[in-house]
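Please work through the exercises below with the sequence and the coordinates open beside you. Each exercise gives a task and then a solution in steps.

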Amino acid sequence: EIIGLVDFAVTEQDLKEIHPSLAHHIPQAIEILRPILIDVTGQGGIRIYHESFRRYIKNRLNQKNIPFSNILTPVIHWLRNRGFFNDAKSYRFLLSLLRRAGRDSEILILVNSSFVSDSVVAGHSRFAIKANLILATEVATQKLDWASLALIAELSSSVYTCFEEKLLSLDIVRFGRTFATVFGAEAQSNRLLFDGKPTLSAEQG
């Protein structure tokens, strides 16, 4: 059910950390499910290989009146513990899981006035920052939260200033060197790829 509801690949170790009380069952469970799983090289883990199986799991949960939040709460807790800004997987998927679990208000708490600056300091790409702001915009629109919409509009402007405004945008090379000095070369390397794909252009990378 976890593999069917999350949008990213998970490793055996990830599943053990999410459900430590069931850790001793997880290797066998993965072997049983192996015919419908694929190994995702870029993400380093497994996921269900066809969307029809994911739909089947979601429909089965709905038929039994089991809220998605029951399944996703341990995953959300696990992602939070990894550190929202520090961990790329948490940064890219926590907000979407909160929305799927019906916890929209928590999304607007995370996307606060320092969201963009904290994201830049943590080395996240323009694409990843924008994706989270788009999701937060959808949530605020649905809730008719005008204050949050005004804030997100200003945050979006700051993303443009930081990455696209010619006179004010950051020097990506100097930023990369500084980031590596502060956080280490391994952290810098981890920010250059996500899901097996570059997060920057070839020239910037």
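**Exercise 1. Characterise the surface and the overall dimensions of the chain in this predicted model.**

Step 1. The accessible surface of the chain amounts to about 11,800 Å², and carbon and sulfur atoms contribute 56% of that area.

Step 2. Turning from the surface to the interior, 38% of the 205 residues of the chain count as buried.

Step 3. For the dimensions, the C-alpha trace extends over about 55 × 40 × 30 Å along its principal axes. A compact globule with 205 residues would have a radius of gyration near 17 Å, and the 19 Å found for the chain agrees with this.

Step 4. The secondary structure consists of 12 helices and four strands. Among contacts with a separation of 6 or more, 60% come from residues 24 or more positions apart.

**Exercise 2. Determine where His 124 lies, and which residues it touches.**

Step 1. Locate the residue: His 124 belongs to the loop between helix 8 (115-121) and helix 9 (126-142).

Step 2. Classify its exposure: the relative accessible area of His 124 is 6%, and because buried means under 20%, the residue counts as buried.

Step 3. List its neighbours: when residues up to four places away in sequence are left out, His 124 touches Phe 84, Phe 85, Asp 87, Ala 88, Tyr 91, Ser 119, Ile 129, Phe 163 and Arg 191.

Step 4. Examine one of these neighbours at the atomic level: a polar atom of the His 124 side chain lies 2.6 Å from the backbone oxygen of Phe 85.

Step 5. Relate sequence to space: Ile 134 is 10 residues from His 124 in sequence, and their C-alpha atoms are 15 Å apart.

**Exercise 3. Find the residues that touch Ser 96, and follow one of them into a salt bridge.**

Step 1. Ser 96 sits in helix 6 (residues 88-100), and with a relative accessible area of 19% it is buried, because the limit for that class is under 20%.

Step 2. Apart from residues up to four places away in sequence, Ser 96 touches Asp 7 and Leu 135.

Step 3. Asp 7 in turn forms a salt bridge with Arg 54, in which the closest N and O atoms are 3.2 Å apart. Since Asp 7 lies in the loop between helix 1 (2-5) and helix 2 (12-18), while Arg 54 lies in helix 4 (residues 51-63), the pair ties together parts that are 47 residues apart in sequence.

Step 4. The two partners can also be described by their exposure: Asp 7 is partly exposed at 22% relative accessible area, whereas Arg 54 is buried at 6%.

**Exercise 4. Which helices does the salt bridge between Arg 99 and Glu 138 tie together, and which residues are joined into one network of salt bridges?**

Step 1. The general principle is that side chains of opposite charge can pair when their charged atoms come close. The structure holds 12 salt bridges.

Step 2. One of them pairs Arg 99 with Glu 138, with the closest N and O atoms 2.7 Å apart. Because Arg 99 lies in helix 6 and Glu 138 in helix 9, this pair ties together parts that are 39 residues apart in sequence.

Step 3. Arg 99 is partly exposed, with a relative accessible area of 30%, and Glu 138 is likewise partly exposed, with 39%.

Step 4. Salt bridges with shared partners join Asp 7, Glu 51, Arg 54 and Arg 100 into one network.

**Exercise 5. Examine the backbone of Asn 65 and Leu 144, and identify the residues of a nonpolar surface patch.**

Step 1. Asn 65, a residue other than glycine, has a positive phi near 55°; it is placed in the loop between helix 4 and helix 5 (68-82) and is exposed, with a relative accessible area of 67%.

Step 2. Leu 144 also has a positive phi, about 55°, although it is not a glycine. Leu 144 is found in the loop between helix 9 and helix 10 (146-163) and counts as exposed at 56% relative accessibility.

Step 3. Val 121, Val 182 and Phe 183 make a nonpolar surface patch of about 300 Å². Of these residues, Val 182 lies in helix 11 (residues 172-183) and is exposed, with a relative accessible area of 59%.

Technical notes: Residues are numbered from 1 along each chain as its sequence is written. This is a predicted model: local features need pLDDT of at least 70, side-chain atom pairs count only at pLDDT 80 or more; totals for chains, interfaces and linings use all residues. Side-chain values use heavy atoms; hydrogens and water are left out. Helices (H or I, at least four residues) and strands (E, at least two) are DSSP runs, numbered from the N terminus. Contact means heavy atoms within 4.5 Å. A polar contact is a pair of N or O atoms within 3.5 Å; within protein, one must be able to donate a hydrogen and the other to accept it, and residues adjacent in sequence count only if both atoms are side-chain atoms. Patches are made of residues with over 30% relative accessible area and no salt bridge: like charges are joined within 9 Å, nonpolar side chains (Val, Leu, Ile, Met, Phe, Trp, Tyr) within 5 Å. Accessible areas come from the Shrake-Rupley method with a 1.4 Å probe; for residues, only the protein chains shown count as cover. A salt bridge is a side-chain nitrogen of Lys or Arg within 4 Å of a carboxyl oxygen of Asp or Glu. Buried means under 20% relative accessible area, exposed over 50%, partly exposed in between (1.4 Å probe, protein chains only). The radius of gyration is taken over C-alpha atoms; the globule rule is 2.2 Å times the number of residues to the power 0.38.
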